Amino acid sequence: MTQLANETDSINLAQGFPDFDGPEVLMEAVHEAMRSGENQYAPCRGHAVLTEAIAENRRLTQGVVLDPKENILVTNGATEALASALLGLLNPHDEVIVFEPFYDSYVPICALAGAVPRYYTLRFPDFELDEDRFSSLINGRTRMVILNSPHNPTGKVFSLEELKVIERLCVQHDLILVSDEVYEEILFDQARHISPSVLEGLADRTLAISSAGKTLSVTGWKVGWAMGPAPLIAAAEAAHQFLTFSTARPLQFGVARGLALLEEGYREILRSEYTARRDCMMEALAELGFKVSRPQGSYFILADFKDHSEGDDRAFAKHLAKSHRVAVIPTSAFYQACPEEGRRLIRLSFCKELSTLRDAIERLRGLRS
Ligand code: PMP
């Protein structure tokens, strides 16, 4: 879709990258690190400047105490943390429960590990977790659950009650939980991000994964990390060591500065700016005749376009790019078990300047005529 966006000179609401920069102080911290000779390989698990900042951030946000040396692994984006976790923890034929629609790297990484995904379909517009439907996916081969909350692309934030269901089943069947929390700071209304790792039954079986890309608006830096009990970190590290070995050293200084910045007012700015963007998109899409869900987190919104077209999501996304010059994602690509669920939905990213979003909305007004 990004290629089509470029070819058609479309506003790109397809790929989830901000069209604004991260905070200037991050860049200064990186330049300073480069100028002071921090340019050779970082330690495999991450530079202490960053692992200590991550431990402090986790203490403040989730009340969890992490040992920076034992419980943290810095990686090349959350994607490499996920790959390291799955490659390090899964054996061929192990089964993994994945919620669909999903972030598109989960399934190929399962394939690389020789593991078999089983899908729980979250259904538009409520995306509820049904305990019976979820537990029916578990059998003797099930080894892991991958949870993503706040969730891409639905914007769902799993509630404490839902996390407790997952806790109960993980404990009962001795499952590992990989908790993808990359949108942990992008929250709306009264939504709170509770990391499943704070629940008693999940604390010693959860690998939580974060990314600087989303929180600090620097997706191009590809700095992420995994947090969890020492044996799970050691397993992920065993894969990370031979995938990439370490993560860009000077960037780790910038991310450490960014995590401190969250406590200096940046978190509140981030939330209020994203709330304005979400509200702008929700109102405009509803006015244009789309049925939309109300994202509680992340920077995506799903829209049911059936009042505009009888065609499928791919045809409609192409039409929007070619005729209205707005690029979106057809969501059937995010489903395996139930692609028909995605055939009526498009995903729009609102991690853009308000002016960009308003321009896109102006272009979409043509849909009415
Ligand atoms: N998880 C989810 C749910 C995502 O949406 C993304 C990015 N689109 C990632 C992980 C990957 O993050 P990173 O860019 O840090 O690899």
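**Two pockets and a ligand**

Visitor: How do the residues lining the second largest pocket divide by class?

Guide: Two are nonpolar, three polar and five charged. This is a predicted model.

Visitor: What makes the five count as charged?

Guide: Asp, Glu, Lys and Arg carry that label. The lining includes Glu184, Glu185, Arg192, Arg267 and Arg271, so these five are charged by that rule. His193 also lines the pocket, but His is not on the charged list, so His193 counts as polar.

Visitor: Which helix gives the most to this lining?

Guide: H3 does, with three residues. H3 spans 48-62, and Leu60, Thr61 and Gln62 are among the lining residues. Helix H10 (249-287) also supplies at least two. The volume of this pocket is about 180 Å³.

Visitor: Where does the ligand sit?

Guide: In the largest pocket. To be placed there, more than half of its atoms must lie within 2 Å of the pocket's grid points. The ligand is assigned to that pocket, so it passes that test.

Visitor: What is known of the space and the lining there?

Guide: The pocket holds about 580 Å³ of space. Its lining has 26 residues, with Gln15, Gly16, Tyr103, Tyr183 and Lys214 nearest the centre. H4 and helix H8 (212-215) are the elements that give two or more residues. H4 has the largest share, four residues. By class, 12 are nonpolar, nine polar and five charged.

Visitor: Why is Ala78 said to make a polar contact with the ligand?

Guide: A backbone N or O atom of Ala78 lies 2.8 Å from a ligand oxygen. The cut-off is 3.5 Å, so the pair qualifies.

Visitor: What about the side chains of Asn152 and Asp180?

Guide: A side-chain N or O atom of Asn152 is 2.8 Å from an oxygen atom of the ligand. A polar side-chain atom of Asp180 lies 2.6 Å from a ligand nitrogen. Both distances fall within 3.5 Å, so both count as polar contacts. Overall, the ligand taken alone exposes 400 Å², and the protein buries 91% of that.

Visitor: How do you know which residues form the shell around the ligand?

Guide: The test is a heavy atom within 4 Å. Gly77, Ala78, Thr79, Tyr103, Asn148, Asn152, Asp180, Val182, Tyr183, Ser211, Lys214 and Lys222 surround the ligand. They split into four nonpolar, five polar and three charged. Helix H4 (residues 77-89) gives the most, three residues.

Visitor: What makes Gly77 a polar member of that shell?

Guide: The class scheme puts Gly among the polar residues, so Gly77 is counted there.

Notes
Residues are numbered from 1 along each chain as its sequence is written. This is a predicted model: local features need pLDDT of at least 70, side-chain atom pairs count only at pLDDT 80 or more; totals for chains, interfaces and linings use all residues. Side-chain values use heavy atoms; hydrogens and water are left out. A polar contact is a pair of N or O atoms within 3.5 Å; within protein, one must be able to donate a hydrogen and the other to accept it, and residues adjacent in sequence count only if both atoms are side-chain atoms. Accessible areas come from the Shrake-Rupley method with a 1.4 Å probe; for residues, only the protein chains shown count as cover. On a 1 Å grid over the protein atoms alone, a cavity is a set of points where a 1.4 Å probe fits but cannot get out, and a pocket is an open set with protein on both sides within 12 Å along at least five of seven lines; lining residues have an atom within 4 Å of a point. Grid points are joined across faces, edges and corners, and a volume is the space filled by probe spheres set on the points.
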